[in-house]
Amino acid sequence: MDIFTLMNIPLNDDQMVTYPAVSRLDSLNAALRSLASVRPDSVSRKEVITLQTGAMQNFPGQCEQFLDLCYRVEEGVCTYPLRLVSRKDLDDNDADWCINYGDVEELAADDRFPDIFWVHPVPFDDSQKIMIGFAEQAPVLTTDSEWPLSQKFIQPCIEYALYWLFSRDSTVVANANRATGHLQTFFSLLGQDTQTAAIISPVTPDYKQV
């Protein structure tokens, strides 16, 4: 049973008259974007990268958010968990930290610079490897694509999609109430505090937000 069929049950719109396929697709893609924001682990992956000589390094191009997971890799095996520190701590502890060469033990990231991170000690060549965990961009569904994530995220995404659809007509009190309920269920299924749902109002669904 595909996800569109599952959505037909609460929508009671088998022929997709009130809620056409394009609107359902838009609602599911909005759900995937919100899911990736609330639960970045849903779009997480691990990758081994080769460090370049020097303190400053680049995250993989697919990286949207660093997930605080990193190990030194030796002969293909994760051998040493790297300590996560702040760039300020590195600067405060040793002004010359960026010229201390050796096996990497620490990693520092900064949200202000999402594409780069720093390692210490500094690799003396390009032979050192580390494994990091990060979140990718939310996938984009098309009419013929398979569900791209774990099956456990299908129901939360349906709940968000229903919220999105009912919010389009939130001037009708019944639909506004239904939208609120589905949004709260979305957060509840993801193990989030339902008060977080208040951040996204059914009066201003995400397709209207700036």
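**Exercise 1. Is Arg83 buried, partly exposed or exposed, and what is its relative accessible area?**

*Solution.* Please keep in mind that this is a predicted model. Start with the value: the relative accessible area of Arg83 is 40%. Next, recall the cut-offs: buried means under 20%, exposed means over 50%, and partly exposed lies in between. Arg83 is therefore partly exposed.

**Exercise 2. Find the salt bridges that Arg83 forms with Glu105 and with Glu106, and say where the partners sit.**

*Solution.* Begin with Glu105. Its side chain meets that of Arg83 in a salt bridge, with 3.6 Å from N to O. This pair links distant parts of the chain: Arg83 belongs to strand S5 (residues 83–85), while Glu105 is in the loop between helix H3 (87–93) and strand S6 (106–109), 22 residues apart. Glu105 counts as partly exposed, at 31% relative accessibility.

Now turn to Glu106. The closest N and O atoms of Glu106 and Arg83 are 3.3 Å apart, and the two form a salt bridge. Glu106 lies in strand S6 and Arg83 in strand S5, so this pair ties together parts that are 23 residues apart in sequence. With 14% relative accessibility, Glu106 counts as buried.

**Exercise 3. How many salt bridges does a search of the whole structure find, and which residues are linked with Arg45 in a network?**

*Solution.* The search of the whole structure gives 10 salt bridges. To find the network, start from Arg45, whose side chain meets that of Glu47 in a salt bridge of 3.1 Å, N to O. Then add Glu136: Arg45, Glu47 and Glu136 are linked in a network of salt bridges. As for its surroundings, Arg45 counts as partly exposed, at 30% relative accessibility.

**Exercise 4. Glu159 has no salt bridge; which side chain of opposite charge is nearest, and which residues does Glu159 touch?**

*Solution.* First locate the residue: Glu159 is part of helix H4 (residues 154–167). Then look for a partner. Glu159 is buried, and the nearest side chain of opposite charge, that of Arg178, is 9.3 Å away. A salt bridge needs the atoms to be within 4 Å, so the two do not form one. Finally, list the contacts: leaving out residues up to four places away in sequence, Glu159 touches His182, Thr185, Phe186 and Leu189.

**Exercise 5. How many disulfides does the structure hold, and how far from Cys78 is the nearest cysteine sulfur?**

*Solution.* A search of the whole structure finds 0 disulfides. For Cys78, the nearest cysteine sulfur is that of Cys70, 10 Å away. Two cysteine sulfur atoms must be within 2.5 Å to count as a disulfide. You can also compare accessibility: Cys78 is partly exposed, with a relative accessible area of 40%, whereas Cys157 is buried, at 0%.

**Exercise 6. At what angle do the axes of helices H1 and H2 cross, and within what distance do they come?**

*Solution.* Two packed helices are described by the angle and the distance between their axes. Here the axes of H1 (residues 3–11) and H2 come within 11 Å and cross at roughly 100°. That makes H1 roughly perpendicular to H2. The contact is made by Ile3, Phe4, Met7, Asn8 and Leu11 of H1 together with Ala21, Arg24, Leu25, Ser27 and Leu28 of H2.

To finish, follow H2 (residues 21–38) along to Ser37. Ser37 counts as exposed, at 58% relative accessibility. Ser37 and Ala135 are 98 residues apart in sequence, while their C-alpha atoms are 9.6 Å apart in space.

Technical notes
Residues numbered from 1 in each chain as written. Predicted model: local features only at pLDDT ≥ 70, side-chain atom pairs only at ≥ 80, totals over all residues. Heavy atoms only, no water. Buried < 20%, exposed > 50% of the residue type's maximum accessible area, 1.4 Å probe, protein only. Helix = DSSP H or I, 4+ residues; strand = E, 2+ residues; numbered from the N terminus. Lys, Arg positive; Asp, Glu negative; His and termini not counted. Contact = heavy atoms within 4.5 Å. Axes fitted to C-alpha atoms, helices over the stretch in contact; angles between N-to-C directions. Parallel < 35°, antiparallel > 145°, perpendicular 65-115°, else oblique.
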